[in-house]
Amino acid sequence: EATGAPLQPSLLPYKIEAASPSFDIWTFGILMYQLHAGISLFSQDRGLNLIRAGDYFRLCDWSSEMLEEVLVPDNDEDSSIDDPLVRDLLRKILVSRESRVTSMEEVLSHPYFDDEG
């Protein structure tokens, strides 16, 4: 195959996900995690490409158990998120594909976004 040729989706080890509000909200959760934890959920190079093969599979098979592993890590080297409101928000939006939130209104109704807080 020629260098620079586009990769055929049928050759990928995962299903390509179509853009949708629930996908955008999940991506928002990834950014929220990175802002509050100070690290990315997935190892990336300077071009923001995933650099570990295992991260592709973690990304495609994401689960609540994986989220708990990064929210409350077993060792002190990993960042954890101390704010209980942030942890609760991430537990609501960083869920498996089947359980994803479908509206930003639902996200913004979370107490994390309350002006009183």
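This briefing describes the fold, helix H1, the nonpolar core and the surroundings of Ser-22. The structure is a predicted model. Its chain has 117 residues, of which 26% count as buried. The secondary structure consists of five helices and zero strands.

**Overall architecture**

- Read from the N terminus, the elements follow the order α-α-α-α-α.
- Taking contacts between residues at least 6 apart in sequence, 52% connect residues at least 24 apart.
- The chain exposes an accessible surface of about 8100 Å², and carbon and sulfur atoms account for 52% of that surface.

**Helix H1**

- Helix H1 spans residues 21-37 and contains 17 residues.
- From its first C-alpha to its last, H1 reaches 24 Å, close to the 24 Å expected at 1.5 Å a residue.
- The buried residues of H1 are Ser-22, Ile-25, Trp-26, Gly-29, Ile-30, Met-32, Tyr-33 and Ala-37.
- These buried residues lie on the same side of H1 because they cover an arc of only 165 degrees around the axis.
- An α-helix has 3.6 residues a turn, so residues three or four places apart point the same way.
- Pro-21 and Leu-35 are exposed, and they sit on the face of H1 that is turned away from its buried side.
- After H1 comes Gly-38, which has a positive phi near 85 degrees.

**Nonpolar core**

- The largest nonpolar core comprises 22 residues.
- Within this core, the residues with the most contacts are Tyr-33, Leu-41, Phe-42, Trp-62, Ile-81, Leu-90 and Leu-94.
- Two or more residues of the core come from each of H1, helix H3 (64-71) and helix H4 (84-93).
- H1 provides the largest share of the core, namely six residues.
- Tyr-33 thus appears both among the buried residues of H1 and among the core residues with the most contacts.

**Ser-22 and its surroundings**

- Ser-22 is located in helix H1.
- Ser-22 counts as buried because its relative accessibility is 15%, and the cut-off for burial is under 20%.
- The side chain of Ser-22 forms a polar contact of 3.2 Å with the side chain of Ser-20.
- Beyond its neighbours within four places in sequence, Ser-22 is in contact with Arg-100, Val-101 and Thr-102.

How values were computed:
Residues are numbered from 1 along each chain as its sequence is written. This is a predicted model: local features need pLDDT of at least 70, side-chain atom pairs count only at pLDDT 80 or more; totals for chains, interfaces and linings use all residues. Side-chain values use heavy atoms; hydrogens and water are left out. Helices (H or I, at least four residues) and strands (E, at least two) are DSSP runs, numbered from the N terminus. The expected span of a helix is 1.5 Å times one less than its number of residues. Buried means under 20% relative accessible area, exposed over 50%, partly exposed in between (1.4 Å probe, protein chains only). The arc is that of the directions from the helix axis to the C-beta atoms. A nonpolar core is a set of buried Ala, Val, Leu, Ile, Met, Phe, Trp, Tyr and Cys residues joined through side-chain atoms within 4.5 Å. Contact means heavy atoms within 4.5 Å. Accessible areas come from the Shrake-Rupley method with a 1.4 Å probe; for residues, only the protein chains shown count as cover. A polar contact is a pair of N or O atoms within 3.5 Å; within protein, one must be able to donate a hydrogen and the other to accept it, and residues adjacent in sequence count only if both atoms are side-chain atoms.
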